Amino acid sequence: MKRYKICVIKGDGIGPEIVDEAIKVLEATSLKFGLEMEYDYKLMGGAAYDVFAEPLPNETLDSALSSDAVLFGAIGGAKWDNLPRDKRPESGLLKLRKGLEAFANLRPAVIYDELVEASTIKPEVLRDVDILVVRELTGGIYFGQPREKTEDSAFNTMTYTRAEIERIAKIGFEAALKRKKRVCMVDKANVLETSQLWREVVSEVAKRYPDVSLEFMYVDNAAMQLVRNPRQFDVILTENLFGDILSDEASMVVGSIGLLPSASMGGKVGIYEPIHGSAPDIAGQGIANPIATILSAAMMLRYALNEEKAATCIENAVKTALSQGYRTKDIAAYGAKEICTTSEIGDVIVKIIEQ
Ligand code: NAD
C-alpha cells in the first residue's frame, strides 16, 4: 500500500466545508486504489491569526514542508481586513507559496457539456474545451527590480533568467505529456527582449520532449483566440503577467467559479486549491460548491503523487454527477435535476467512485 502525508489547511469562510468534502472523496478514492493517506490538519489565514496572532504559524509551514502535498481551501474575511498587511490572511498564503518555492501555477479550464450555458460564449465554440494554463508565478514584472513611482513618472522592470524560464518550461512540457501533448507558448517576442529569451530557452527545452509539439503565439492574439476558438489550446505556457490575465480569461470562458481547481507547485511540495476565495457571504449555510476543491484533490493526486488513475477517477465521477443533474445552488440554473447541499454533492461523488 502506498502511503502519503497530506498537510490539510481548511482556512476561513467556506474553507472547512469544501475541504471536508474533498477529504471524503479522497478517502473513497484511496480505498479504491489502495492508497493510505495521513492527513495533518493545520491552520492558516484568519483562523491561524485568531490562535497564533500569525496568519502562517511555523508549525503549518513545517508540516507543509514535510508533506507530499498541501490541500488548501480558502482564506480571508472582513474580520481580519483591518489588520496590518503582514498579519492579514492573504499574507499567510503568500508566505506559504514562498516557503514552498511554488514558482508554477497550473490552472485547468475544462468545459462540462451540461454547464455549457453557464458561459457567455456560444456552446458550439465551447464543446470539448480542455485547457491547462501554466503560469510562471515568482518572476517577471511583478517582482523585477528596480521599480519606482514618483509624482510624475513610474517604472517597473521585467526580468527573467534562463534558469527561471527553463524550470517552468519543464513543468509545461511534463504536464503536456500527461495531456494532448501540445504546448503553446504565449509571449510578446515582437516587442520584448524577455520574450525573445523565453523563445530561445523554451525551444531548447522542447528538444528534450520530442513527443510534444510547440508553437508560439503573441499574447494579444492569444487573448483573442481564447474566446474565438478555445478548443485549439492544450497547454498554454507563459510568464507571470500574461498568465495572470490569460488564466482568468480562460476560467471565465468555461464559466462557474465553484468548479475551477488550481495547483501552485515547482518546489518540493505543491499547494492544491480552488481558484475562488473564502466566500464569506455563503459560509456556514451548506450551499458552497465543493467541486473546485474536489478537483484540486484530483490535481494533487496527478501532479504531486503521480496517481493518474485515481485522479482520473475523481474527475470522471464529477463529470458523471453533473451529467446526472446533481447541482449545488450556484449552478442550479443549468440543468439541475436535484439541488444538493455541499455535503450531499460530496456524497453523490463518493457513491459514483465506489461503484
Ligand atoms: P470569492 O471567490 O470568495 O467569492 C466571489 C463570489 O463567488 C461570492 O458571491 C461567493 O459566494 C461565490 N463563490 C465563491 N466560491 C464559491 C463556491 N465554492 N460555491 C459557491 N459560490 C462560490 O471572492 P471575494 O468575495 O472577492 O473574496 C472573499 C474573501 O476571500 C476575501 O477575504 C478575499 O481576500 C478572499 N480570497 C481568498 C483567496 C484564496 O484563499 N486563495 C482567493 C480569492 C479571494
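Helix H10 (residues 291-304) packs against helix H11 (residues 308-323) with an axis separation of 7 Å and an angle of about 160°, which makes H10 roughly antiparallel to H11 (a label for angles over 145 degrees). The crossing of H10 and H11 is left-handed. On the H10 side the contact (heavy atoms within 4.5 Å) includes Ile291, Ile294, Leu295 and Arg302, and on the H11 side Glu308, Thr312, Glu315 and Leu322 are among the participants.

This is a predicted model, in which local features need pLDDT of at least 70 and side-chain atom pairs count only at pLDDT 80 or more, while totals for chains, interfaces and linings use all residues. Residues are numbered from 1 along each chain as its sequence is written, and side-chain values use heavy atoms, with hydrogens and water left out.

H11 also meets helix H12 (residues 342-354), their axes coming within 9 Å and crossing at roughly 120°, which makes H11 oblique to H12; oblique covers the angles left over once those under 35 degrees, over 145 and from 65 to 115 are taken out. H11 passes H12 in a right-handed crossing. Here Cys313, Ile314, Ala317, Val318, Thr320 and Ala321 of H11 face Val348, Ile349, Ile352 and Ile353 of H12.

The residue classes of the two contacts are as follows.

| Contact | Nonpolar | Polar | Charged |
|---|---|---|---|
| H10 with H11 | 10 residues | 1 residue | 3 residues |
| H11 with H12 | 9 residues | 1 residue | no residues |

In this scheme Ala, Val, Leu, Ile, Met, Phe, Trp, Tyr, Cys and Pro count as nonpolar, Asp, Glu, Lys and Arg as charged, and the others, Gly among them, as polar.

Technical notes
Axes are lines fitted to C-alpha atoms, for helices over the stretch in contact, and angles run from 0 to 180 degrees between N-to-C directions. Helices (H or I, at least four residues) and strands (E, at least two) are DSSP runs, numbered from the N terminus. A crossing is left-handed if the near helix is turned anticlockwise from the far one by less than a right angle, and right-handed if clockwise.
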